[in-house]
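Trainee: I should like to examine how the terms applied to this model are justified. May we take them one at a time?

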Amino acid sequence: MKTNCCKALLKCRTLAVLMMLTTTTALMAQLSALHVEGPFLVDENGRRHNLHGFAQTFSPWFNEQGSQWSNYNVSACLAYNKGIIDKILKAGWKMTFVRQHMDPYWSNTPGKQVTGENDISAFDFNRFKTYLNSVFVPMAEYAISKGLYVVMRPPGVCPENIEVGGTYHRYLKKVWAHVAQHPKLCNNGAVMFELANEPVNIQGNGDRDQMMTQFMQEIVDTMRLYCNNILLVPGLVWQQHYNGYYKYPVRGENIGYAVHCYPGWYNSGVEDDVDVEYNSFKHGWDENILPIATKAPVVVTEMDWAPKKYNSSWGKAVTGEAGGKGFGANFMRICDETCNVSWLLFTDGHLLARYNDGAPDGHTFLTDPEACPRPVYRQYQYYATEAYADMINQPDYGPKLREQPLFSLSGEWFNPSIWEKGTYDEQTGEVRTGQYGFAGWTYPMGIDLSEWRYLVVELKQRQNCGASFRLFDANNYWGDCAMFDFGSKTRLVIDLHAMKTDKGRTVDPSHIYIAGIWTYGGSSFFLKDVFLSNDGVNPTTVGTLTMPVLADVKQYFAPDGRRLSSPRRGLNIVRNSDGSSKKLFVR
């Protein structure tokens, strides 16, 4: 009897597996399954992919503020959102993926009051299971049938504070354990899972980066009991902080990282600031995102911009010019330089569906080149070309490592805008920080200065801006640090083994993350030299830090020589970093 029961159980399990494989194969008919190889998304044929897409949220409010459907009407929700996909593709958008939100509208108990999307007190697991089957999976199936890869995110957003083993941690593991077993999603190479939305801070005793890795590792391990889909790991600070994962990476196969990027983030100025500078933005990206991009693919799952007057975007900024000022063009340039970044436009789908590239430039959200739809539409056209596919599939094109000299005064490494916007003239050494600003160097993985005795900092002349040299042994600008005021002196000799904060805590020179000069702002100081020394007088051999390096970037020009922020429809001239040029035609 026991043997017959075991045989019957084995038969049932075998049939279940065969049904799952048959279902998944049918879903994948339009797309080649993706997996992770090194820092790239790679298909079954060994071709690398950077995906470009849009986002959908399945709730009445986020579907044109409740004007299109309501009252848990499944058929109306599906009809509307499938129609949005159809209209976006009909408008000519070269989309290759969609991020779909399993919105808590469906899984919360109707009528139960919550304080926001981060409040899971109304979550009903049975409702979630019901609407996973009737809303979320059918929408994923439809997107795949249209040639779109799918990223699914869990219901709602993270509370401000999370902790390993806490209520929200248990909630995520429960949700994902169920999703990972779904026969139409499990091991589906067209479906990826973004494990949480916008964690802010993690609580507990110990290193927060280690705690965050543990938090995500437990979710990954739970899902790996059932599936091997690509899992996209979010970072802290609303998905901005990732260098902790460089030190403590999440273990396992098919791991990528889900990033958010808005105007004002990663040193990209502040929202509404049209004077975002490429170098500052690049520094911020290099510190927070680039290190992990050398290990795994990055997917930017929220990003948009437009002038504030249009009230049609989450981010408020302008396109500007790549390498110059502006958010949008520099964002696209940095993604291309990093070379393994997929990204989407978070603008509402119904607006993307109305886009008409044949309309002349104008002063509306959909026609103004300084708002995101027009430049992104045209950039997506370029990404759809064979030339782009061939470029990202070149050997050795991934993010690389190089040696960064410590305390270099090169404009490439010295950042005048670590806090508040500053300026730096490499030729004269003139530095002017913003008000209460900070200029200097950041080391995302930390540097070990313990083998040297002194750090010497020299100015060319006396300063009158309250300049203070500061060193941080934690990767947190708002943490306490060692401070050394210049006063009337032009030379500081800092004993690296006798550094203390103003609270008396000893600062450890074996792991320095931030170093530089704070000022009141309003006037300049002039840097002469910064060097490590064992006698306090003479420089010793300067150490280096292994840092990721961006790939070469291509510049685009119209046939008449005008610089373009992205390829335009028709003939473009592409200039490579080595000075060579070629023609590119975008239909």
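Mentor: Certainly; bear in mind that the model is predicted. In strand β24, the bridge partner of Glu458 is Asp529.

Trainee: What makes strand β19 (residues 454–459) and β24 a pair?

Mentor: Pairing requires at least two bridges between two strands. Six bridges join β19 to β24, and the two run antiparallel, so the criterion of at least two is met.

Trainee: How do you know that β17 (residues 430–432) pairs with β24?

Mentor: Two bridges link β17 and β24 in the antiparallel sense; since at least two are required, the strands count as paired. Val431 has Phe525 of β24 as its bridge partner.

Trainee: Why is β24 called largely enclosed?

Mentor: A residue is buried when its relative accessible area is under 20%. Seven of the nine residues of β24 (residues 525–533) are buried, and therefore the strand is largely enclosed by the rest of the structure.

Trainee: Why are β1 (35–37) and β3 (48–49) called edge strands?

Mentor: The open sheet has three strands in the order β1-β2-β3, with antiparallel pairing. Within this sheet, β1 and β3 each pair on one side only. Two bridges join β2 (residues 40–42) to β3, and Val42 has Arg48 as its bridge partner in β3.

Trainee: How do you know that the span of helix α4 (residues 125–145) is close to the expected value?

Mentor: The 21 residues of α4 reach 28 Å from the first C-alpha to the last, against the 30 Å expected at 1.5 Å a residue. The helix nevertheless bends by about 50° at Leu132.

Note on methods
Residues are numbered from 1 along each chain as its sequence is written. This is a predicted model: local features need pLDDT of at least 70, side-chain atom pairs count only at pLDDT 80 or more; totals for chains, interfaces and linings use all residues. Side-chain values use heavy atoms; hydrogens and water are left out. Buried means under 20% relative accessible area, exposed over 50%, partly exposed in between (1.4 Å probe, protein chains only). Helices (H or I, at least four residues) and strands (E, at least two) are DSSP runs, numbered from the N terminus. The expected span of a helix is 1.5 Å times one less than its number of residues. The bend at a residue is the angle between axes fitted to the seven residues ending there and the seven starting there.
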